[in-house]
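Hi,

Here is the structure I promised to pass on. Have a look, and my notes follow below.

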Amino acid sequence: QVQLVESGGGLVQPGGSLRLSCAASGRIYMLYDMGWYRQAPGKQRESVATISSGGTTNYADSVKGRFTISRDNAKKTVYLQMNSLKPEDTAVYYCNADVRSTSVTLRHPYWGQGTQVTVSS
């Protein structure tokens with residue numbers, strides 16, 4: 001089994017910054033793409049940013065230039081640095097990782113439990 005544990009959410013004023021972290025643990029043979037998704041009340045979950053094991057990144061247009069995704073493969077951790085936060089960034093943020101648990105199993109996506117980010121004055 002694989003666990004993803006997120007941290008770093010909270011309440012911040014518009015224009016402020018937060019840094020989210022997500023650590024993967026458990027039975028991990030290979031860790032592939034990792035990413036952050038978010039879901040605001042009444043809306044579908046959407047991709048915010050993803051990063052491959054080699055460091056290739058992709059961002060939603062709404063966060064380009066403000067958010068930065070990074071990872072530490074040795075620590076099996078992915079980060080999301082969020083700057084210039086806006087009220088519309090308010091959502092539950094979920095960590096996602098594609099994991100291969102053994103050398104003979106297929107890749108499988110795992111999700112964290114989510115962390116609330118609220119941007120409000």
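To start with one residue: is Cys-95 buried or exposed? Cys-95 is buried, with a relative accessible area of 0% (buried means under 20%, exposed over 50%, partly exposed in between, with a 1.4 Å probe and protein chains only). Cys-22 is buried too, also at 0%.

Before going on: this is a predicted model, where local features need pLDDT of at least 70, side-chain atom pairs count only at pLDDT 80 or more, and totals for chains, interfaces and linings use all residues. Residues are numbered from 1 along each chain as its sequence is written, and side-chain values use heavy atoms, leaving out hydrogens and water.

Those two cysteines form a disulfide, S to S 2.1 Å (a pair of cysteine sulfur atoms within 2.5 Å), and the structure holds one. It ties together distant parts of the chain, 73 residues apart: Cys-22 sits in strand 3 and Cys-95 in strand 9 (strands are DSSP runs of E, at least two residues, numbered from the N terminus). The S-S torsion is about -80°, so the disulfide is left-handed.

Strand 3 also belongs to an open sheet of four strands, ordered 1-3-8-7 with antiparallel pairing (two strands pair if DSSP finds at least two bridges between them). Strand 1 (2-7) and strand 7 (67-72) are at the edges. Strands 3 and 8 pair over six bridges, and Ser-21 stands opposite Tyr-79 in strand 8.

Then there's the largest nonpolar core, with 31 residues (buried Ala, Val, Leu, Ile, Met, Phe, Trp, Tyr and Cys joined through side-chain atoms within 4.5 Å). Strand 9 gives the most to this core, five residues.

Cheers
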